[in-house]
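Trainee: Could you take me through a close look at one part of this model, and then connect it to other parts of the chain? I am new to this, so please go step by step.

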Amino acid sequence: MSNKEVKAALKSAREAIRNKEYKEALKHCKAVLKQEKSNYNAWVFIGVAAAELEQPDQAKGAYKKAIDLEPNQLLAWQGLANLYEKSSQTDVKGDLAEVYQKLLELYESGDKQKWCDVCNKLVELYHQEKKHLEAAETWQKLIQMKQQEGVEKAELHRLWKKMIQLLKDSTQNQDNKTEQLLVTAFEHAVNSADTVPGEDHQNLYKDFIQCLSKFPHETARLEKACNDMMALYPTVSYPLEVLCLHFIQTGTLSEEALDCFSKLLEMDASSGPGIIGFGIKCLQEKKYEEAVKSLTEGLQKTSQCPAAWHYLAEAQMKIHKHRDAVLSCSQALEALGTPEGPDLRWKNLILQLKAEALIKIADADAAEEAIKALEQIVDASSDPVILAVRGQAYLNKGLMDQASKISQELLLSHPDLAESHALEGFIHYSQKNYEQAERSFLNAIERNAETAEYHQYLGLTYWFMSDETKKDKGKALTQFLKAAKLDSYLGSVFCYLGNYYRDIAGDKSRARGCYKKAFELDETDEESGTAAVDLSVELGDMDTALSILNEVTEKASPGTVKWAWLHRGLYYLRTGQPSQAVADLQAALRADPKDSNCWESLGEAYLSRGSYSAALKSFTKASELNPELVYSVYKAAEVEQILGKYENAIATYQEILKKTEDYVPALKGNMSEC
């Protein structure tokens with residue numbers, strides 16, 4: 001076949017394809033290939049015809065043969081692209097992407113419109129395959145091409161927004177390159193908007209700031225974006241809220257941060273981040289109760305802020321609300337989820353604070369939970385302070401050997417650390433080795449004189465130490481006063497100060513003030529509450545006594561604060577108010593149904609009220625619980641006598657006299673029956 005015949009055959013093949021006579025086209029092409037095996041057009045036409053005859057493998061082979069012959073010719077690549085586009089097989093997607101990339105290369109110096117069309121197709125393909133980075137990089141090339149052509153600003157703005165959409169779907173699994181592309185797209189989009197300020201632009205800026213807030217290393221860009229948006233939209237609180245949350249979460253409490261908190265509250269007094277920021281400011285200023293109040297209120301509005309929960313727990317620890325602090329730490333950990341990067345630091349801080357709070361609760365279960373919390377801290381074994389906390393947890397759990405081992409290791413490795421000596425002191429104190437405990441606490445105070453707990457325990461050591469110090473509690477008093485000065489929320493210290501002024505100094509008024517303060521700080525401290533009430537009664541100040549009792553009982557849930565109900569019930573009994581006495585003594589018994597003395601007092605109240613049957617039941621219950629309560633047995637007999645149950649009364653009187661021959665009331669009762 002001559003060249004002329006080859007050309008004629010190819011022309012016939014082209015005509016056959018145009019007329020949809022694909023088998024005929026194949027015959028012409030095969031005839032050409034018998035003469036010229038490397039004829040590019042013949043292979044391309046075979047590819048076209050085979051594709052139309054639904055013979056994809058043959059078509060693919062033909063196109064690839066043509067490409068091998070002429071890799072920089074368009075026709076075969078275009079045909080292969082069409083073939084892959086029509087294929088329903090998912091495994092051709094990767095091959096199609098490679099074909100599009102080659103077409104972009106071939107179109108780049110020629111047909112710009114076709115280059116853009118292929119570029120769009122490739123981006124869509126990458127997007128479908130969730131190859132977000134590849135999609136964005138390709139789209140960026142399209143934007144660069146448009147910029148070179150001098151496209152209008154509005155079209156560029158649309159293109160940058162499209163790039164944002166391509167990348168936003170990948171926010172969960174972004175590498176640094178993807179993040180940078182997304183940030184770049186946002187920056188160009190906000191700067192290329194036509195209507196500024198405007199609603200669309202404002203929403204775009206919000207999205208940009210939200211995007212930046214997810215990237216811990218983009219601090220500078222986030223702050224700039226927030227400040228730029230505030231300048232453009234001074235009445236919109238969003239950028240200020242994000243900036244405040246950023247400062248809170250990064251632990252940045254600079255003047256700039258505090259200024260942001262104030263500005264936000266001026267703009268929106270109900271803003272969660274603003275209220276949280278104010279709470280943190282209060283914490284810094286040692287206004288702990290105000291800090292707890294504000295942080296609690298702020299977290300009701302903005303609950304997913306781990307750092308704010310940590311600050312709340314910190315404030316709660318300062319006022320010794322240890323159980324509340326544990327709950328706040330748990331909330332912080334929940335809000336934190338599975339932390340990475342900077343959030344890992346927060347996790348460690350929260351776990352340590354949780355362990356410290358659990359140790360202050362001072363029971364074995366809490367100690368076990370503290371140990372579990374400490375085990376989750378990354379690199380905990382290299383931090384001596386955390387090791388000291390672990391030692392205290394072991395001590396609270398009764399694991400003396402483990403606690404002592406940590407103590408000895410810390411004293412050897414970190415002899416200048418106050419916590420090392422304090423742990424040793426706690427161990428000696430728990431074993432009543434007071435002389436050794438004194439030495440340890442003095443060493444701890446020498447290294448850190450600002451920790452109230454060290455002074456408190458040194459004071460307790462002196463309080464229980466020896467006969468000599470028992471006679472002279474001056475050393476204990478000095479340490480208690482130092483502890484109280486350093487930490488005015490340390491209720492237990494005020495309780496011991498009350499003990500000193502009541503039992504040693506004989507100053508009832510000052511003692512009452514200390515007990516009252518201790519009870520105000522810790523309403524679960526029955527010893528201080530009871531002592532404050534008793535001393536108020538002794539000082540003739542019933543108003544104060546009743547004020548304390550009323551406040552406690554008003555807040556109490558059923559079955560609690562027995563001591564308060566009992567004290568007020570006895571007061572009502574003494575002052576001739578039997579009905580009120582009955583109600584309070586019943587409440588006391590709900591808290592402790594086996595208190596025989598309380599049943600006896602309830603019997604007296606019923607008797608005073610004239611409720612004889614109820615009185616009889618109460619006295620009988622008291623004597624059943626404690627057969628040694630002769631008075632209750634006698635009063636039961638007396639009530640039986642009043643009710644006309646004479647035989648029962650006589651039998652009871654005689655029973656009393658068998659046990660106690662000279663019990664005068666029973667003698668009188670027995671004689672009157674005779």
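Mentor: E638 and K635 sit together in helix α36, which covers residues 630-642. They are 3 residues apart, about one turn of the helix. Their side chains meet in a salt bridge, with 3.1 Å from N to O. Keep in mind as we go that this is a predicted model. How buried or exposed is K635? K635 counts as buried, because its relative accessibility is 9%, and the cut-off for buried is under 20%.

Salt bridges can also be linked to one another. Elsewhere in the chain, E187, E218 and R221 are joined into one network by salt bridges that share partners. In the whole structure there are 25 salt bridges, and two further examples are good to set beside the pair in α36.

Take R568 and D584. Their closest N and O atoms are 2.5 Å apart in a salt bridge. R568 belongs to helix α32 (residues 562-574) and D584 to helix α33, so this pair ties together parts that are 16 residues apart in sequence. Both R568 and D584 are buried.

Now look at D507 and R510, whose side chains form a salt bridge at 3.9 Å, N to O. Are these two buried or partly exposed? D507 counts as partly exposed because its relative accessibility is 27%. R510 also counts as partly exposed, at 46%. To be called exposed, a residue would need over 50%.

Let us go back to the end of α36. I642, together with Y612 and L643, forms a nonpolar patch on the surface. The accessible area of the three together is about 240 Å². Y612 is found in helix α35, residues 612-625. With a relative accessible area of 32%, Y612 is partly exposed.

From helix α33, which we met through D584, you can step into a loop. D592 lies in the loop between α33 (578-591) and α34 (596-609). D592 is partly exposed, as its relative accessible area is 26%. Where does D592 stand in relation to V561? The two are 31 residues apart in sequence, and their C-alpha atoms are 9.7 Å apart in space.

You can make the same kind of check with N443, a residue of helix α24. N443 and G425 are 18 residues apart along the chain, and 9.2 Å separates their C-alpha atoms. N443 counts as partly exposed because its relative accessibility is 23%.

Stay with α24 and look at the loop that leads to it. K432 is in the loop between α23 (418-430) and α24 (434-447). What stands out in the backbone of K432? Its phi is positive, about 60°, although K432 is not a glycine. As background, most residues other than glycine have a negative phi. K432 is exposed, since its relative accessible area is 62%.

There is another residue like this to find. H320 has a positive phi of about 60° and is not a glycine. H320 lies in the loop between α17 (306-318) and α18 (322-336). H320 is partly exposed, with a relative accessible area of 25%.

Finally, let us turn to empty space inside the protein. Rolling a probe the size of a water molecule over the atoms shows where empty space is left. How many cavities of 30 Å³ or more does the structure hold? It holds 1, and the volume of the largest cavity is about 30 Å³. The lining of the largest cavity is made of K93, G94, A97, L125, Y126, E129 and K131. The elements giving two or more residues to that lining are α6 (93-107) and α7 (112-128). Of the elements, α6 gives the most, with 3 residues. By type, the lining of the largest cavity divides into 3 nonpolar, 1 polar and 3 charged residues.

To retrace the path in the viewer, start from the salt bridge between E638 and K635, go on to the surface patch that includes I642, and finish at the cavity lined by K93 and others, including Y126.

How values were computed:
Residues are numbered from 1 along each chain as its sequence is written. This is a predicted model: local features need pLDDT of at least 70, side-chain atom pairs count only at pLDDT 80 or more; totals for chains, interfaces and linings use all residues. Side-chain values use heavy atoms; hydrogens and water are left out. Patches are made of residues with over 30% relative accessible area and no salt bridge: like charges are joined within 9 Å, nonpolar side chains (Val, Leu, Ile, Met, Phe, Trp, Tyr) within 5 Å. Accessible areas come from the Shrake-Rupley method with a 1.4 Å probe; for residues, only the protein chains shown count as cover. A salt bridge is a side-chain nitrogen of Lys or Arg within 4 Å of a carboxyl oxygen of Asp or Glu. Helices (H or I, at least four residues) and strands (E, at least two) are DSSP runs, numbered from the N terminus. Buried means under 20% relative accessible area, exposed over 50%, partly exposed in between (1.4 Å probe, protein chains only). On a 1 Å grid over the protein atoms alone, a cavity is a set of points where a 1.4 Å probe fits but cannot get out, and a pocket is an open set with protein on both sides within 12 Å along at least five of seven lines; lining residues have an atom within 4 Å of a point. Grid points are joined across faces, edges and corners, and a volume is the space filled by probe spheres set on the points. Ala, Val, Leu, Ile, Met, Phe, Trp, Tyr, Cys and Pro count as nonpolar, Asp, Glu, Lys and Arg as charged, and the others, Gly among them, as polar.
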